[in-house]
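This briefing is intended to be read beside the sequence and the coordinates. The points that follow are grouped by topic.

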Amino acid sequence: MTAPLSPCRAWCFLVGWSFRRQARGHLLVWVALGLLGLSALLVALSTRFERWNLGFLRDGRGRPTYEEQLQMFELASSAPMPHAGLQALAGAVRAQMMEASGLWTFSNWAVLGMFCSFLLPLWTLTFATDALARERENRTLLWLLARPLPRPALYLGIFLATLPWCLLLNVGGYTVLCMMGGKPGWQALSLYLPSVFMGTLAFSALFFLLATAFRRPSILALTYAFFLETVAGNLPGYFKRLSLSFYTRCAMYDAARDYGINPPRPGMFVAVSGPVAWGVLLGAFVILLALGCWVFSRKEFAEVQ
Amino acid sequence: MRDLLEPQDAEHRSRPLVRPEPKVEQAPPVLLFERVSKWYGPVLGLNQVTLELRPGITGLVGHNGAGKSTLLQLAAGHLRPDLGRVTLNGLDAWTSDAKLHVGYCPDLDQFYEDLSGRDFLLVLARLTGFSQLDACERVEDLLRLVGMHDRADRALAGYSKGMRQRIKLAQALIHDPALLLLDEPLSGIDPVGRREMVALFLELARQGKCLLISSHELDELEKLTDQVAILAAGRIAAVGALPRIRELLDQHPHAIRVSCEPSDVLTRHLWQWEEIVGIERDAQDLIVRARNPKRFFEKLSLLIIEENLEVRRIETLDESTSDVLNYLLGGTRA
């Protein structure tokens, strides 16, 4: 006897099937994996050459690095006659600079600079735009739209199937970078992971919406990731508040507050508080997802005609 | 003089040439278009289309761009009307509930090319809500029905056009819908396959399903049904039984512009023909109003040769009737 047709069963199958379809490698995934390899190599080299400290920074253009300044101070404290107090002071500064500044340096350079501003949006769009864009460009979306599933359910089903891949790439990629970062990397891993997770959700919802609303979403999403997130997201002033990576970074700074990690130039960065950052990211996720559902449920796709 | 030549007013033009004859105690329509219009930007795809379909086969014919695919996609719920309403068994065609009542076999030739025909149908069956077991049984039944059960394990990318058409037809039948929308379902199928498909369509109609089959080929459609809807420039130009349409067309005077030299010779002969209702002069041209257009054009051709007339232009002035004529004159019985 034939069981009655079940929309719930159909939806569950859609999620599982779409998830499996995403496993098929495509160009953007290879680009993302290439970037992961490159960035992991950079981090590994920095770890190998002990660059995770303040010693290589300068307090102004043309001035000696902190390491050079400290060496000069140590030299001055031991010649012509060693001075125990100054030597102790130099030792304490070196300990702070070389060891305690590891997390600060790794956070600002690898996590907030490279990962959050550049890699996080780029890796998310790899899967988030491609899931729907591929159905549209291959004109196979017709077969899904012809099924007796409500359109919002179709949208949410494909989104839910795509999200684990976005999380895998971002959280996995972030974990790899942290593992390559040595001790400060391990410290940063657990510290920023919740923010990475939340940022991924918000970016996924955004890029999925772009894939629904526009015909060439990959190009649009790449433009967005480069210009609004990477460039405008680092400009001084309030314009950066339009970028999701700004709020992800604010959430990260809030998580690392107890470790003394703050924006390098607080006056320029104009951070929002942790709860506000989390609220904006969560709100963006919900609103963008709802907006995507609405657009998808009303849109007449030219690709199925 | 020009007044007589104006084709028809707007209201008249939106009315089909032949309406379905009223039947006593008809079942409610499976598919209903109520004054449906659809624009693509500034282009009008469908114009005030009203159409009722009940169980049985209806052919949908018209030139490229006449609006056949638009009409089918509105019925399939892939497009929404800008004006009017499309319903399937009383449900708005755009809704997911209505999709349970319709199977759509598109002209589009795109698949998940890496899947086999069997897997493709299994996926669509599962997405329709069948359990794994039921989906397998249903797919095997359908593959047998469309004659693909012994070659369904190859990847779709390697299928011929005819095989792809059969798989498309099978997917439209997965959930046993009341309405089947078939866009050029016989294109690319060999003659033997065509006979099989025609037999299948007739069997489905016999089972009480409603089939709307779009085709360029009236000959093929005539093997299936004599019920047709003829689309011209986004309007239903004629709908009903083909013999009835032909009969009415023969009685309906057509306005034809003829530009030739010497026109007085032509006029002298035309007046003697029983098909001619009237002749008017418009500058250098003649506007001829004639019944039985097929016979008129045959006689005109002979006359042109016999009298060695120099013809510059022959043009049917009624656009909708012209399209109907193009189809019917090309038909087997015209």
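Which residue of S10(B) does B:Gln227 stand opposite? The partner of B:Gln227 in S10(B) is B:Ala241. The model under discussion is predicted. The briefing turns to chain A, then to its contact with chain B, and lastly to a sheet of chain B.

**Chain A overall**

- Chain A contains 13 helices and zero strands.
- Along its principal axes, the C-alpha atoms of chain A fill a box of roughly 95 × 35 × 30 Å.
- Chain A has 305 residues, of which 41% count as buried.
- Among contacts in chain A with a separation of 6 or more, 79% are between residues 24 or more positions apart.

**Contact between the chains**

- On the side of chain A, 25 residues are in contact with 25 residues of chain B.
- Two helices of chain A, H1 (7–22) and H7 (141–145), each supply at least two residues to the side that touches chain B.
- H1(A) gives the largest share of that side, namely six residues.
- By character, the residues of chain A on this side comprise 16 nonpolar, five polar and four charged.

**Helix H1 of chain A**

- The 16 residues of H1(A) should span 22 Å at 1.5 Å a residue, and the end C-alpha atoms are indeed 22 Å apart, so expectation and model agree.
- The buried residues in H1(A) are A:Ala10, A:Trp11, A:Phe13, A:Leu14, A:Ser18 and A:Gln22.
- Viewed down the helix axis, the buried residues of H1(A) fall within an arc of 160 degrees and therefore line one face of the helix.
- In an α-helix there are 3.6 residues a turn, so residues three or four places apart point the same way.
- A:Cys8 and A:Arg20, on the other side of H1(A), are exposed.
- Within chain A, the buried residues of H1(A) pack against helices H5 (102–128), H6 (130–137) and H8 (151–180); they also pack against helix H4 (117–128) of chain B.

**The six-stranded sheet of chain B**

- Chain B has an open sheet of six strands with mixed pairing, in the order S6-S7-S8-S3-S9-S10.
- The edges are occupied by S6 (102–105) and S10 (235–241) of chain B; each has a single partner strand, so one side of each lacks a neighbour in the sheet.
- From one strand to the next, the twist averages 15 degrees.
- S3 (56–61) and S8 (210–215) of chain B run parallel and are joined by six bridges.
- Within S8(B), B:Ile213 is the residue that stands opposite B:Gly59.

**Helices lying on the sheet**

- Helix H6 (161–173) of chain B lies across S6 and S7 (179–183) of chain B, and runs at about 170 degrees to S6(B).
- Helix H9 (242–251) of chain B also packs on the sheet, where it touches S9 (227–232) and S10 of chain B.
- The direction of H9(B) makes about 115 degrees with that of S10(B).

**Strands S9 and S10 of chain B**

- S9(B) and S10(B) run antiparallel, with six bridges between them.
- These two strands form a hairpin with two residues between them, in which B:Ala233 takes a positive phi near 50 degrees.
- Although S10(B) stands at an edge of the sheet, six of its seven residues are buried, so the strand is largely enclosed by the rest of the structure.

Note on methods:
Residues are numbered from 1 along each chain as its sequence is written. Chains are lettered from A and ligands numbered from 1 in the order in which they are written. This is a predicted model: local features need pLDDT of at least 70, side-chain atom pairs count only at pLDDT 80 or more; totals for chains, interfaces and linings use all residues. Two residues are in contact if their C-beta atoms, placed from the backbone, lie within 7 Å. Helices (H or I, at least four residues) and strands (E, at least two) are DSSP runs, numbered from the N terminus. Ala, Val, Leu, Ile, Met, Phe, Trp, Tyr, Cys and Pro count as nonpolar, Asp, Glu, Lys and Arg as charged, and the others, Gly among them, as polar. The expected span of a helix is 1.5 Å times one less than its number of residues. A residue is buried if 20 or more other C-beta atoms lie within 10 Å of its own, exposed if 12 or fewer, and partly exposed in between; C-beta atoms are placed from the backbone. The arc is that of the directions from the helix axis to the C-beta atoms. Two strands pair if DSSP finds at least two bridges between them. Axes are lines fitted to C-alpha atoms, for helices over the stretch in contact, and angles run from 0 to 180 degrees between N-to-C directions.
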